[in-house]
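Work through the exercises below with the sequence and the model side by side, and try each task before reading its solution.

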Amino acid sequence: MFPTEFAYHRATSVQDAIAFLGANPDAKVLAGGHSLIPAMKLRLAAPGALVDIGRIESLHAIDVRPDGAKIGAMATYNDIRDNAGIARIYPILPEAIAEIGDAQVRERGTFGGSLAHADPAADLTAVFLALNGEIAVTGPNGDRTIKADDLFVDLWTTTLETDEIITSVILPAPPASNGMGYEKHAHPASGYAVVGIAAVLGFSADKTCESARIAVTGATSKATRLTGVEQALTGQKLTAELVSSAAGQASDGLDINGDLYASEEYRAHLVNVLTRRVLTSAAGL
Amino acid sequence: MAEAPAKIETQRITLTVNGQEHAEEVEPRMLLVHFLRDQLGLTGTHVGCDTSQCGACVVDVNGKTTKSCTMFAVQADGAEITTIEGLASEGAYHPVQEGFWEMHGLQCGYCTPGMIMSSVALLKRNPHPSEQEIRHELEGNICRCTGYQNIVRAVQYAADKMGESGAASAD
């Protein structure tokens with residue numbers, strides 16, 4: 001299998017890549033390539049040109065500071081997994097990354113690429129929402145940021161413009177006292193999330209849940225926050241009963257996908273069960 | 001009358017494969033696996049599923065274990081690549097190759113080159129993996145013959161062997 005013909009340009013800088021995108025409206029950005037290249041081989045995607053951003057050195061850096069982290073768009077899953085600062089402050093990232101695809105996907109796939117591709121069954125889309133991240137974006141009109149809550153529109157669709165490039169993923173510092181985690185039911189053949197739930201909880205000194213960001217992937221057309229569950233937890237002292245009752249309603253109101261492997265009912269069940277599990281562990285119950 | 005499609009130019013790439021430098025012209029859409037097999041004649045790297053699932057095409061690109069069916073040859077310009085053909089040194093099998101031989105880690109052998117390349121990468125990162133870690137790290141390599149039992153034993157054999165020689169050289 002091989003893709004349709006395309007022109008290839010290896011970008012030397014972000015500006016160079018944006019200029020190429022501007023001059024080639026049917027061009028696509030090639031990052032880790034582990035979603036785009038399989039799609040091109042199946043001819044689900046047939047861009048006339050690719051701009052390879054893999055050699056732009058500035059996009060690979062990972063910078064972890066007390067007030068947050070900046071992860072270059074070309075940082076691979078394994079680069080992030082192996083970063084000690086990330087593992088200490090955002091343990092949800094190595095936890096979720098261990099569940100992505102397989103060893104080779106983790107070696108070449110990128111956080112930025114995953115967010116730009118916005119696969120409905122990707123893992124880090126939900127983690128990005130739960131961590132309340134944003135992306136730094138550069139386009140012909142300069143730089144801007146897009147908050148996680150404003151990024152995902154639908155299946156494989158985001159608010160990124162076609163001539164814009166993600167340069168980094170920015171994560172705020174999590175709450176001082178927190179619990180976080182990711183629970184996933186993987187498709188046994190593809191490894192994609194049939195359902196995945198990411199949760200980041202913040203606690204006050206007396207263990208009251210002060211903030212909750214919980215997001216689902218796999219079940220819906222885009223990664224989506226479970227605001228009903230978040231509201232049920234916020235301001236409360238978490239108990240097994242409360243978590244169980246809030247998680248039992250996690251799938252309420254979601255527009256859930258069904259397919260040959262997992263029906264809508266089964267996915268709804270998984271949303272509730274995995275929400276209970278991730279909250280139980282994140283709350284230390 | 002339909003217009004002829006615009007001619008896509010080939011690009012010149014220079015890369016090192018198993019210690020030998022090559023300069024070749026490639027079409028941008030040529031996958032690394034086809035470049036290795038068809039242009040360099042290194043047919044030890046196999047094409048299995050061709051959909052990034054099976055791992056028969058795994059090679060090492062600049063130290064990263066890579067499915068060569070999911071990378072274009074142009075992306076590998078300047079890279080150092082090791083394929084299954086480059087693993088043995090001076091006629092001696094790599095301990096992972098020896099493990100697959102000793103523990104009967106293959107039947108038809110189709111998945112074996114990729115399985116071995118992934119196992120080498122696994123042991124480089126984690127010299128003493130548990131059985132569970134071996135199985136998890138080899139999830140991207142599919143074998144339809146063995147049921148994986150002897151593959152796991154082959155990796156364990158190699159881990160033991162490499163641990164012994166590491167200990168010996170430390171003395």
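The exercises that follow treat the overall form, the domains and the chain interface.

This is a predicted model, in which local features need pLDDT of at least 70 and side-chain atom pairs count only at pLDDT 80 or more, whereas totals for chains, interfaces and linings use all residues. Residues are numbered from 1 along each chain as its sequence is written, chains are lettered from A and ligands numbered from 1 in the order in which they are written, and side-chain values use heavy atoms, with hydrogens and water left out.

**Exercise 1.** Compare the radius of gyration of chain A with that of a compact globule.

Step one is the expectation: the radius, taken over C-alpha atoms, follows a globule rule of 2.2 Å times the number of residues to the power 0.38. Step two is the comparison: for 285 residues the rule gives a value near 19 Å, and chain A, with 19 Å, agrees with it. Along its principal axes, the C-alpha trace of chain A spans about 60 × 45 × 30 Å.

**Exercise 2.** Describe the contact between domain 2 and domain 3 of chain A.

Begin with the bounds, which come from an automatic or database domain assignment: domain 2 of chain A covers 60–172 and domain 3 covers 178–282. Contact, meaning heavy atoms within 4.5 Å, takes in 25 residues from domain 2 of chain A and 21 residues from domain 3 of chain A. Next comes the buried area (the accessible area, with a 1.4 Å probe, that two parts lose on being put together, summed over both), which here is about 1,900 Å², with 58% from carbon and sulfur atoms. Finally, three salt bridges cross this interface, where a salt bridge is a side-chain nitrogen of Lys or Arg within 4 Å of a carboxyl oxygen of Asp or Glu. The side chains of Arg213(A) and Asp149(A) form a salt bridge at 3.1 Å, N to O.

**Exercise 3.** Which residues of chain A lose the most area to chain B?

First establish the extent of the interface: 36 residues of chain A and 35 residues of chain B are in contact, and the area buried between the two chains is about 2,800 Å², with carbon and sulfur atoms giving 48%. On the side of chain A, Glu5(A), Gln104(A) and Arg108(A) lose the most, together 22% of what that side buries. Turning to charges, the count between chain A and chain B is six salt bridges, and the side chains of Asp82(A) and Arg125(B) meet in a salt bridge at 3.1 Å, N to O.
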